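Work through the exercises below with the structure open. Try each task before reading its solution.

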Amino acid sequence: MPEAVHVGSGKVRELYALDEERLLLVASDRISVFDVVLPTEIPDKGRVLTGLSGYWFSRTEAVCPNHLIGIRDDGRSTECRRLTMLPIECVVRGYLSGSGWKDYRETGEVCGHRLPEGLSESDKLDAPIFTPATKAQTGHDQNITREQAAELIGADRLDAVESISLELYATAAGYAAERGIIIADTKFELGLDDDGQLVLADEAFTPDSSRFWPAAEYEPGGPQPSFDKQFVRDYAESLGWDKTDPGPELPDDVVAGTRVRYLEAFEQINGIPFAEYAAEPGTVLR
Ligand code: PZK
């Protein structure tokens with residue numbers, strides 16, 4: 001790709017500059033589990049996540065403009081507008097899970113939101129909450145309070161970010177619910193364009209950036225099986241792996257089973273066959 005200059009690496013994605021105004025976000029087929037990238041790839045995972053993000057960008061356009069210019073024919077590369085990214089992760093939680101559950105158990109609060117007593121793991125919250133986090137270069141993002149977030153981006157900007165974040169979550173969670181998927185929580189990034197307008201960037205409402213739970217199997221009172229990564233987690237744990245790098249190679253049946261789960265998530269949410277997307281990625285944008 002001689003026209004692009006590599007400008008950043010995520011665990012499973014790469015970022016390139018096309019010119020002053022445009023970036024190329026490339027989703028690989030790499031998979032991470034317990035925060036470790038495994039040596040085995042899941043074929044089509046990058047295309048599934050790119051197609052899902054594109055779909056959600058189209059569905060949420062009225063709530064917040066986004067950075068998407070177009071999806072390339074490979075189905076895994078997104079051309080996008082170059083923004084000034086805000087230095088916080090926008091997280092919205094509709095259910096109590098992960099670090100939200102951990103913080104609640106220890107303090108009764110999540111990012112300064114005091115929650116009712118007696119909640120159980122994976123319970124649905126009375127109303128979704130905005131729980132910002134700092135961006136960690138390595139390791140885990142750290143949950144921060146509203147006050148800490150206000151110091152980073154300003155109180156007025158934070159008000160706008162919170163209300164847009166809650167609206168984005170409500171929109172996506174509503175669509176997903178109609179298709180039998182609970183989006184328990186989600187993390188996304190907002191940036192500013194040249195006019196100072198908030199723009200949704202990065203990936204949005206993918207299983208890598210959100211907890212997707214099959215609604216049919218939802219059972220609060222404990223952790224929920226992951227829509228996409230449960231086979232991989234179960235296999236990795238069955239080996240007695242200590243969850244430090246390097247992770248284990250995956251056998252063919254675990255790869256195949258996991259690939260099918262990603263394709264199911266894609267088709268359940270998009271309502272179109274993955275093959276149709278592969279032939280013409282632009283279909284998810286209409
Ligand atoms: C941007 N990241 C995260 C890091 C990745 C992704 N539209 C944009 N404008 C400016 N900056 C970014 C974006 C987007 N999206 C996103 N970092 C900067 C990131 C590493 C690899 F694939």
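For sorting residues, Ala, Val, Leu, Ile, Met, Phe, Trp, Tyr, Cys and Pro count as nonpolar; Asp, Glu, Lys and Arg count as charged; the others, Gly among them, count as polar. Keep in mind that this is a predicted model.

**Exercise 1. The cavity**

Task: Find the largest cavity, and describe its lining by element and by residue class.

Solution:
- Start with the search. Over the whole structure, one cavity of 30 Å³ or more turns up.
- Next, its volume. The largest cavity holds about 140 Å³ of space.
- Then look at the residues around it. The lining has 20 residues, and those closest to the centre are Leu 25, Ala 27, Thr 50, Ser 53 and Glu 203.
- Assign them to elements. E3 and helix H1 (45–60) are the elements that give two or more residues to this lining. H1 supplies the largest share, seven residues.
- Finally, sort by class. The lining splits into seven nonpolar, seven polar and six charged residues.

**Exercise 2. Strand E7 and its partners**

Task: Work out which strands pair with E7, and in which direction they run.

Solution:
- Locate the strand. E7 covers residues 77–81, and four of its five residues are buried.
- Take one partner. Strand E3 (residues 22–27) is joined to E7 by five bridges, and the two run antiparallel.
- Take the other partner. Strand E6 (residues 68–71) is joined to E7 by three bridges, again antiparallel.
- Check a shared position. Thr 78 in E7 is the bridge partner of Leu 25, and Ile 71 also stands opposite Thr 78.
- Inspect the connection. E6 and E7 form a hairpin with five residues between them. In the turn, Gly 75 has a positive phi of about 80 degrees.

**Exercise 3. Aromatic rings**

Task: Classify the ring pair formed by Phe 274 and Tyr 277, then find where charges sit over rings.

Solution:
- Begin with the total. The whole structure has twelve aromatic pairs.
- Read the geometry. The rings of Phe 274 and Tyr 277 are 6.0 Å apart, centre to centre, with 40 degrees between the planes.
- Apply the cut-offs. Stacked needs under 30 degrees and edge-to-face needs over 60, so this pair is tilted.
- Place the pair. Both residues lie in helix H7 (residues 274–279), three residues apart, about one turn of the helix. Phe 274 and Tyr 277 are both buried.
- Add the cluster. Tyr 55, Trp 56, Tyr 175, Phe 188 and Phe 205 form one aromatic cluster.
- Now the charges. Lys 243 lies over the face of Phe 34, 4.1 Å from the ring centre. The charged end of Arg 261 sits over the ring of Phe 227, 4.7 Å from its centre.

Terms used: Residues are numbered from 1 along each chain as its sequence is written. This is a predicted model: local features need pLDDT of at least 70, side-chain atom pairs count only at pLDDT 80 or more; totals for chains, interfaces and linings use all residues. Side-chain values use heavy atoms; hydrogens and water are left out. Buried means under 20% relative accessible area, exposed over 50%, partly exposed in between (1.4 Å probe, protein chains only). Two strands pair if DSSP finds at least two bridges between them. Rings of Phe, Tyr and Trp (its six-membered ring) pair if their centres lie within 6.5 Å; planes under 30 degrees apart count as stacked, over 60 as edge-to-face and the rest as tilted. A charge sits over a ring if NZ of Lys or CZ of Arg is within 6 Å of the ring centre and within 35 degrees of the ring normal. On a 1 Å grid over the protein atoms alone, a cavity is a set of points where a 1.4 Å probe fits but cannot get out, and a pocket is an open set with protein on both sides within 12 Å along at least five of seven lines; lining residues have an atom within 4 Å of a point. Grid points are joined across faces, edges and corners, and a volume is the space filled by probe spheres set on the points.
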